[in-house]
Amino acid sequence: MQNIKKVVIPVAGHGTRSLPASKNVPKEMLPIYNKPVIQYVVEEAVQAGIHDVVFVTSKEKTALEDYFDHHLPLEDVLARTGKNDLLKTVRDLVEMVTVMSVRQKRQLGFGHAVLCAKSIVQNEPFAVMVGDDIILGEDCGLKQLIEIAQKEDKPVIGVMEVDPSMVYKYGIIAGNTRSDGIIEITEMVEKPSVEKAPSNMAIIGRYVLSPEIFDYLEKGKPGHGGEIQLTDALNALAKDRGMLAVPVKGRRFDAGDLLDFLSVNVYFALQDPKMKDAMHNRLQALLQEFSNN
């Protein structure tokens, strides 16, 4: 498989899991520690060697494109007040990636969102990332998938084990595990019941795909929830060409889940040498307060 130059990040959704915070602010722009969610996702792509980002967006989501563009009045203020470190920070965002966007005019599912990027991706392999899934760690996430896809010349998806009681929230795979830990996929099921799940290996929103996926998406019929599901197209592509699943290393947080959203903020605070002691003490005090109640 040739070099992966583009990543498609569907961000057109309404962010209902994050309401009311996402009523007027895109869920991908909600702050985690000192950066919005989307920056962590884009930084993972950059660490994997990708610098062309395709947002599949909607008219309410222009803030994401603006975030990776110049803000000249702000830069002028920072320059005049001598805040050079902050000035470098905001300018580095602009240089980090080249942003392109395409509108998803109707919300017809995740597969449809990926299909909307066909005119930009064209006949090249590409990556797909979910805009509210954060994976932290070195040499993990998308970088893992790209290395395997290029070595094996096959589409690759990222998976992680989840609690068996939670399989109904995810796309779930079945397959044969090789000696190197990579799974040769035999089946994928979108949000199965606990009883019908073929495993507890969940698809976590990281993909490296060949352009043939667009053909399968165009032929696809609405699946689970009446939407065009990427999982259905992946199933068909896997049967025809083969597909691998890579257990992703690193620590994953789903920023659309309230508990994960709160947890990742605490995680970063405890990683900060200037804040970790104070944060630890604050948490201890809160735990003590509630244990007394």
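These notebook entries record what I looked up in a predicted model.

**Entry 1. Strand β4 and its neighbours**

I began with strand β4, which spans residues 52–57. I asked how many of its residues are buried. The count is 5 of 6, so I noted the strand as mostly covered, buried being under 20% relative accessible area.

I then looked up the pairing partners of β4. Strand β1, residues 6–10, pairs with β4 in the parallel sense over 5 bridges. In this pairing, lysine 6 stands opposite aspartate 52. Strand β5, residues 98–103, also runs parallel to β4, and 6 bridges join the two. Here I found valine 54 of β4 opposite methionine 100 of β5. As background, I noted that side chains in a regular strand alternate between the two faces of the sheet.

**Entry 2. Nonpolar cores**

Which residues have the most contacts inside the largest nonpolar core? I listed Ile9, Ile38, Val42, Phe55 and Leu142, in a core of 36 residues. Helix α7, residues 142–152, gives this core its largest share, namely 5 residues.

I recorded a second core, separate from that one, with 33 residues. Among its members are Val8, Ala113, Val159 and Ala245.

I followed phenylalanine 55 further and looked up its contacts beyond four places in sequence. They include Ile9 and Val11, then Ile38 and Val42. Leu64, Glu65 and Phe68 are also touched by phenylalanine 55. The list for phenylalanine 55 is completed by Val99, Met100, Ser101 and Val102.

**Entry 3. Glutamate 28**

Is glutamate 28 buried or exposed? Its relative accessibility is 1%, so I entered glutamate 28 as buried. I located glutamate 28 in the loop between β1 and β2, the latter being residues 31–32.

I next asked which residues glutamate 28 touches, leaving out those up to four places away in sequence. I found Val11, Pro36, Val37, Ile38, Lys61, Leu64 and Gly131. With lysine 61, glutamate 28 makes a side-chain polar contact of 3.1 Å. The C-alpha atoms of glutamate 28 and lysine 61 are 9.1 Å apart, and 33 residues separate the two in sequence.

**Entry 4. Cysteines**

I searched the structure for disulfides and found 0. I also looked up the burial of two cysteines. Cysteine 116 has a relative accessibility of 17% and therefore counts as buried. Cysteine 140 is buried as well, at 6%.

**Entry 5. Backbone exceptions**

I checked the backbone for departures from a general pattern. Most residues other than glycine have a negative phi, and most peptide bonds are trans.

Where does a cis peptide bond occur? I found one from leucine 19 to proline 20, with omega near 0°. Proline 20 belongs to the loop between β1 and β2.

I noted a positive phi at tyrosine 33, near 60°. Tyrosine 33 sits in the loop between β2 and β3, the latter being residues 35–36. Tyrosine 33 counts as partly exposed because its relative accessibility is 30%.

Aspartate 153 likewise has a positive phi, of about 55°. I placed aspartate 153 in the loop between α7 and β8, with β8 at residues 156–161. At 41% relative accessibility, aspartate 153 is partly exposed.

**Entry 6. Aromatic pairs**

How many aromatic pairs does the structure hold? I counted 8.

The rings of tyrosine 33 and phenylalanine 268 have centres 5.8 Å apart and planes at 15°, so I recorded this pair as stacked. Why does the pair tie together distant parts of the sequence? Tyrosine 33 lies in the loop between β2 and β3 and phenylalanine 268 in helix α10, residues 258–271, so parts 235 residues apart are joined. Phenylalanine 268 is buried, with a relative accessible area of 15%.

Phenylalanine 126 and phenylalanine 214 form a stacked pair too, at 5.1 Å centre to centre and 0° between the planes. I traced phenylalanine 126 to strand β6, residues 126–129, and phenylalanine 214 to helix α8, residues 213–219. The two are 88 residues apart, and their pair links distant parts of the chain. Phenylalanine 126 is buried at 0% relative accessible area, and phenylalanine 214 counts as buried at 1%.

Lastly, I recorded a cluster joined by ring pairs, made up of Tyr33, Tyr40, Phe253, Tyr267 and Phe268.

How values were computed. Residues numbered from 1 in each chain as written. Predicted model: local features only at pLDDT ≥ 70, side-chain atom pairs only at ≥ 80, totals over all residues. Heavy atoms only, no water. Buried < 20%, exposed > 50% of the residue type's maximum accessible area, 1.4 Å probe, protein only. Helix = DSSP H or I, 4+ residues; strand = E, 2+ residues; numbered from the N terminus. Pairing = 2+ DSSP bridges. Contact = heavy atoms within 4.5 Å. Polar contact = N/O pair within 3.5 Å; in protein donor to acceptor, adjacent residues only side chain to side chain. Disulfide = S-S within 2.5 Å. Core = buried A, V, L, I, M, F, W, Y, C linked by side-chain atoms within 4.5 Å. Phe/Tyr/Trp six-rings, centres within 6.5 Å; stacked < 30°, edge-to-face > 60°.
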